[in-house]
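Please open the model in a viewer and keep the sequence panel at hand. The stops below say what to select and what will be found there.

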Amino acid sequence: MIDQRKATLYGLSAVLLWSTVATAFKLSLRYLSPAHLLLYAAVVSTLTLGGLLALRGGLGAALRSLGAEWRQSLLLGILNPFLYYLVLFKAYALLPAQEAQPLNYTWAITLALLSVPLLKQRISGRDLLAILVSYLGVVVISTKGDLFGLHFAEPLGVALALGSTVLWALYWIYNTRSRRDPLAGLFCNFLCGLPFILLWCLLFTDLCLPPLPGLLGAAYVGIFEMGITFVLWQLALDHSENTARIGNLIFLSPFLSLFFIHLLVGETILVSTGVGLALIVCGQLIPQLRRRRSET
């Protein structure tokens, strides 16, 4: 049912929640290792997604679809939540949140690059310009504005943050082939990814009872980053008369995120971070300008 006012409300709610998760990551990692944060957040998220499906009366159908499409769910579950969040949380553990968040935001550019070999799509000159502008922003952030010195304070953290965009882009590409309800598919993917997360923790970490602040942080990440926010965003798209208008709301998220990082994490936001993030966002807007002109 089209209702643009509801669509905007749902969309803004999702963007606001997404804007807080970088802060939640960083605060939670003060008490938990990346692997433990992933484990507890994924458990909460799987329960949340299953509960939402049960309320909609679709839990049984989702579990039956898992039996028929377990190979796809297994592949997607390994990509997300297992590998994607394991790499992303490690990047956040190594980098200031104001650096990790914008670097991870370049996933759309990575998606455009991977679409060439995997989806046989062509890349235009304008797309190449968008990629160059966005990755110039990456260099500005990673070097803290020292473009000529090219000194990376934490190269492993930068590599992991950019690597997470590859994993997310791969997940998005392979997930487009799924014909299942999006919420049911996400639940099945998390259900299949959870054993890998647990196995990783058993093999490479010492599992113990987490401190309460860490557990609360993991619950917040599981509910909002991995769970309810997805539903809010889907509702926004379903109610919107113009999905592009709703989609553009997502560009508010990284700037709001910097505000929360400064306010709650206590990081002083560098000028280079703001400039780099602006370049990344401009790079993502360039292809959209082409599409709007072609539509007029």
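Select K144, which follows helix α7 and has a positive phi, near 55°. This is a predicted model, and the values quoted on this tour are computed from it.

Next, select residues 125-142, which make up helix α7. Its 18 residues should span 26 Å at 1.5 Å a residue, and the end C-alpha atoms are indeed 26 Å apart, so the two values agree. Colour the buried residues of α7: D127, A130, I131, V133, S134, G137, V138, V140, I141 and S142.

From V138, step across to T106, which touches V138. T106 is found in the loop between α5 (97-104) and α6 (107-119). Is T106 buried or exposed? Its relative accessible area is 0%, so T106 counts as buried. Apart from residues up to four places away in sequence, T106 also touches L162, T165, I280 and Q284. For a distance check, draw a line from the C-alpha of T106 to that of L39: the two residues are 67 apart in sequence and 25 Å apart in space.

Move on to K120, in the loop between α6 and α7. K120 is a residue other than glycine with a positive phi, near 60°. Most residues other than glycine have a negative phi, and most peptide bonds are trans. With a relative accessibility of 67%, K120 counts as exposed.

The next stop concerns a peptide bond. Select N80 and P81: the bond from N80 to P81 is cis, with omega near 25°. P81 lies in helix α4.

Now display the aromatic rings. How many aromatic pairs does the count come to? There are 13 aromatic pairs. One of them joins F25 and F89 edge-to-face, with 4.9 Å centre to centre and 65° between the planes. F25 belongs to helix α1 (residues 4-28) and F89 to helix α4 (residues 70-94), so this pair ties together parts that are 64 residues apart in sequence. Both F25 and F89 are buried. Extend the selection to F25, Y84, Y85, F89, Y92, W107, W168 and Y171, which ring pairs link into a cluster.

Turn next to helix α10, residues 212-239. Helix α10 has 28 residues and reaches 38 Å from its first C-alpha to its last, close to the 40 Å expected at 1.5 Å a residue. Where is the kink in α10 centred? The kink, of about 45°, is centred on I228.

Keep I228 selected and add T48, which is in contact with I223 and I228 when neighbours within four places in sequence are left aside. T48 is found in helix α2 (residues 34-56). The side chain of T48 reaches the backbone oxygen of V44 at 2.8 Å. T48 counts as buried, because its relative accessibility of 17% is under the 20% cut-off.

Finally, select the cysteines. The structure holds zero disulfides. Why does C208 not form such a bond? The closest cysteine sulfur to that of C208 is in C201, 11 Å away, which is too far for a bond. End the tour at C282, which counts as partly exposed at 41% relative accessibility.

Definitions and conventions: Residues numbered from 1 in each chain as written. Predicted model: local features only at pLDDT ≥ 70, side-chain atom pairs only at ≥ 80, totals over all residues. Heavy atoms only, no water. Helix = DSSP H or I, 4+ residues; strand = E, 2+ residues; numbered from the N terminus. Expected span 1.5 Å × (residues − 1). Bend = angle between axes of the 7 residues up to and from the residue. Buried < 20%, exposed > 50% of the residue type's maximum accessible area, 1.4 Å probe, protein only. Polar contact = N/O pair within 3.5 Å; in protein donor to acceptor, adjacent residues only side chain to side chain. Contact = heavy atoms within 4.5 Å. Phe/Tyr/Trp six-rings, centres within 6.5 Å; stacked < 30°, edge-to-face > 60°. Disulfide = S-S within 2.5 Å.
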